Amino acid sequence: MLELRGIRKNFGKLAALNDVNLEFKENELIAIIGPNGAGKTTLINVITGVLKEDSGTIRYLHKEINVLPAYLRARLGINRTFQIPKPFSNLTVIENVRIGALFSNDKKGQTMEEEVERVLSLLRLKSLADKPAKELNTEQKKLVDLGRALVSRPKFLFMDEMGAGLAEEEILTLSNLIRGIQKDEGVSVVYVGHVMKLVKQLQCPIAVFSEGSPIFQGSYDEVTSNPAIIKLYLGERYAQS
Ligand SMILES: Nc1ncnc2c1ncn2[C@@H]1O[C@H](COP(=O)(O)OP(=O)(O)OP(=O)(O)O)[C@@H](O)[C@H]1O
Ligand SMILES: [Mg+2]
């Protein structure tokens, strides 16, 4: 279990995270949605150690991990993808994915190369393995970033928005991939996103963030029929569904 208690993070006067209390259980899939600026990426940054919270505690495996730097949290099994992925542009796809193995949480398991190959196959990146990252499109960069995170064998994987700009069929493929990863990799996936069609396909509980804290948790149907959330975030197109 990964547990947040009273997490606050301010940027100047702005409370990006405002007394967040949340629990993430093992082997679950959960989506986080909410308006731009609600604090979703800041939440991931604080949990993974990219940003230091101003106050509050983060407990994982019965220990407070607030003091640990990001690379040690990754080695304990907490990893993430980036909203705007920035792979090393002169390194190839396979070289970028290998970097994740430096932060591996898996002490025995397969050799690094076997694991990298396995992840490349899983993400259908094999044909791109030797391509420099700078030649990839955004979607491919997102997959490389996911590959980098997966080879570290995370127990908690925070995914910051992957579905933007995808066609309907691609959304289905991506949601199946995310669901498959959660089931087959023994990982809890926390998917942050705006694309409601994708969130629907994930068929998982949803937490709604607003102004720095979770304001509602429920199923897709509960979220999309809640008048306050329609007003705040979803818009009137959800009002009748
Ligand atoms: N490094 C920073 N310095 C100053 N303000 C920041 C910084 N990072 C985020 N913020 C502010 O904190 C608030 C929360 O930002 P955050 O990126 O966490 O939102 P978000 O929910 O991920 O939004 P989006 O859906 O657009 O990705 C916003 O008002 C943002 O402008
Ligand atoms: Mg964000």
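In the predicted model, threonine 41 has a relative accessibility of 25% and therefore counts as partly exposed, since the buried class ends at 20% and the exposed class begins over 50%. This residue takes part in the contacts of two ligands, which are described in turn.

The magnesium ion, ligand 2, has two protein donors, OG1 of Thr41 and OE1 of Gln83, at distances of 1.9 to 2.2 Å. Threonine 41 belongs to helix α1, whereas glutamine 83 lies in the loop that runs between β6 (78-80) and α3 (93-99); the pair therefore ties together parts of the chain that are 42 residues apart in sequence. Glutamine 83, with a relative accessibility of 36%, also falls between the two limits and so counts as partly exposed.

Threonine 41 is in addition a polar partner of ligand 1: an N or O atom of its side chain lies 2.8 Å from an oxygen atom of that ligand. Two further contacts of ligand 1 involve residues that precede helix α1 (40-48) in the numbering. In asparagine 36, an N or O atom of the side chain is placed 2.8 Å from a ligand oxygen. In glycine 37, a polar backbone atom is found 2.8 Å from an oxygen of ligand 1. The protein buries 61% of the 640 Å² that ligand 1 exposes when taken alone.

The shell around ligand 1 comprises 13 residues, of which Lys40, Thr41, Thr42, Gln83 and His194 come nearest. By residue class, the shell consists of 7 polar, 5 nonpolar and 1 charged residue. Two elements, β2 (14-24) and α1 (40-48), each supply two or more residues. The greatest contribution is that of α1, with 3 residues.

Apart from the ligand sites, strands β9 (residues 206-210) and β10 (residues 213-218) run antiparallel and are joined by 5 bridges. Serine 210 is positioned opposite serine 213 of β10. The two strands form a hairpin with 2 residues between them, and glutamate 211, located in the turn, adopts a positive phi of about 45°.

A further serine is found in helix α6 (residues 168-184), at position 175. The relative accessibility of serine 175 is 0%, so this residue counts as buried, the limit for that class being 20%. The side chain of serine 175 makes a polar contact within the protein, reaching the backbone oxygen of leucine 172 at 2.9 Å.

Key
Residues numbered from 1 in each chain as written. Chains lettered and ligands numbered in written order. Predicted model: local features only at pLDDT ≥ 70, side-chain atom pairs only at ≥ 80, totals over all residues. Heavy atoms only, no water. Near = heavy atom within 4 Å. Polar contact = N/O pair within 3.5 Å; in protein donor to acceptor, adjacent residues only side chain to side chain. Areas by Shrake-Rupley, 256 points an atom, 1.4 Å probe, with all protein chains shown as cover. Helix = DSSP H or I, 4+ residues; strand = E, 2+ residues; numbered from the N terminus. Nonpolar A, V, L, I, M, F, W, Y, C, P; charged D, E, K, R; others polar. Donors = N, O, S within 2.8 Å, 3.2 Å for Na, K, Ca; no water. Buried < 20%, exposed > 50% of the residue type's maximum accessible area, 1.4 Å probe, protein only. Pairing = 2+ DSSP bridges.
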